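Work through the exercises below with the sequence and the model open. Try each task before reading its solution.

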Amino acid sequence: MLGTIDRQQQFALAMRHLQSRQLAKAADGFRQLLDLFPDDADALAMLALVHHQQGNTLAAIEITRSEEHTSELQSHSDLVCRLLLEKK
């Protein structure tokens with residue numbers, strides 16, 4: 001799929017899925033992006049958000065706490081804080 005469209009188009013498609021509450025498709029889209037662009041902070045943050053919206057806050061927190069992604073996610077610190085605070 002990503003061979004025929006670029007990063008921006010793939011991100012926009014995944015966002016449309018997210019906005020229309022097609023969470024599984026959104027997660028797949030963000031994962032596909034991360035396969036090609038593992039340091040994409042926007043895709044990481046959105047995948048964490050999708051996990052959270054699916055009720056899997058633990059997976060969202062694991063993404064935000066991953067040492068390999070710490071620097072990429074600094075720009076999304078408000079999302080990270082919200083996820084951490086909501087986990088009980």
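**Exercise 1: Salt bridges**

Task: State how many salt bridges a search of the whole structure finds, and assign the partners of D40 and R7.

Solution. The whole-structure search gives three salt bridges. The model is a predicted one.

Step 1. Begin with D40 and R7, which form a salt bridge whose closest N and O atoms are 2.7 Å apart. This pair links distant parts of the chain: D40 sits in the loop between α2 (23-36) and α3 (41-53), R7 sits in helix α1 (residues 7-19), and 33 residues separate them.

Step 2. Look for a further partner of R7. Its side chain also meets that of D42 in a salt bridge, at 3.8 Å from N to O. Here too distant parts of the chain are linked, R7 in helix α1 with D42 in helix α3, 35 residues apart.

Step 3. Test the 3.8 Å distance of R7 and D42 against the cut-off. A salt bridge requires the side-chain nitrogen of Lys or Arg to be within 4 Å of a carboxyl oxygen of Asp or Glu, so the pair R7 and D42 at 3.8 Å qualifies.

Step 4. Turn to R31 and D28, whose side chains meet in a salt bridge of 3.2 Å, N to O. Both residues lie in helix α2, three residues apart, about one turn of the helix. Salt bridges that share partners join R7, D40 and D42 into one network.

**Exercise 2: Burial of the charged residues**

Task: Classify D40, R7 and D42 as buried, partly exposed or exposed, then do the same for R31 and D28.

Solution. Step 1. Fix the limits: buried is under 20% relative accessible area, exposed is over 50%, and partly exposed lies in between.

Step 2. Apply them to the network. D40 counts as buried because its relative accessibility is 9%. R7 has 26% and is therefore partly exposed. D42 has 34%, so D42 is partly exposed as well.

Step 3. Apply them to the pair in helix α2. R31, at 36%, counts as partly exposed, and D28, at 41%, also counts as partly exposed.

**Exercise 3: Surroundings of D40 and H51**

Task: Which residues are in contact with D40, leaving aside its neighbours within four places in sequence, and which are in contact with H51 on the same terms?

Solution. Step 1. For D40, the contacts are R7, L33 and L34. The side chains of D40 and R7 are also joined by a polar contact of 2.7 Å.

Step 2. H51 is part of helix α3. Its relative accessibility is 11%, so H51 counts as buried.

Step 3. With neighbours within four places in sequence left aside, H51 is in contact with R31, N56, T57, A59, A60 and I63. R31 in this list is the residue whose side chain meets D28 in a salt bridge.

**Exercise 4: The chain as a whole**

Task: Describe the secondary structure, the backbone at R21 and the overall burial.

Solution. Step 1. The chain has six helices and zero strands, giving the pattern α-α-α-α-α-α along the sequence.

Step 2. R21 is in the loop between α1 and α2. Its phi is near 65°, a positive value in a residue other than glycine.

Step 3. Of the 88 residues, 45% count as buried. The chain exposes about 5,300 Å², with 51% of that supplied by carbon and sulfur atoms.

Step 4. Among contacts with a separation of 6 or more, 46% come from residues 24 or more positions apart.

Methods:
Residues numbered from 1 in each chain as written. Predicted model: local features only at pLDDT ≥ 70, side-chain atom pairs only at ≥ 80, totals over all residues. Heavy atoms only, no water. Helix = DSSP H or I, 4+ residues; strand = E, 2+ residues; numbered from the N terminus. Buried < 20%, exposed > 50% of the residue type's maximum accessible area, 1.4 Å probe, protein only. Polar contact = N/O pair within 3.5 Å; in protein donor to acceptor, adjacent residues only side chain to side chain. Contact = heavy atoms within 4.5 Å. Areas by Shrake-Rupley, 256 points an atom, 1.4 Å probe, with all protein chains shown as cover.
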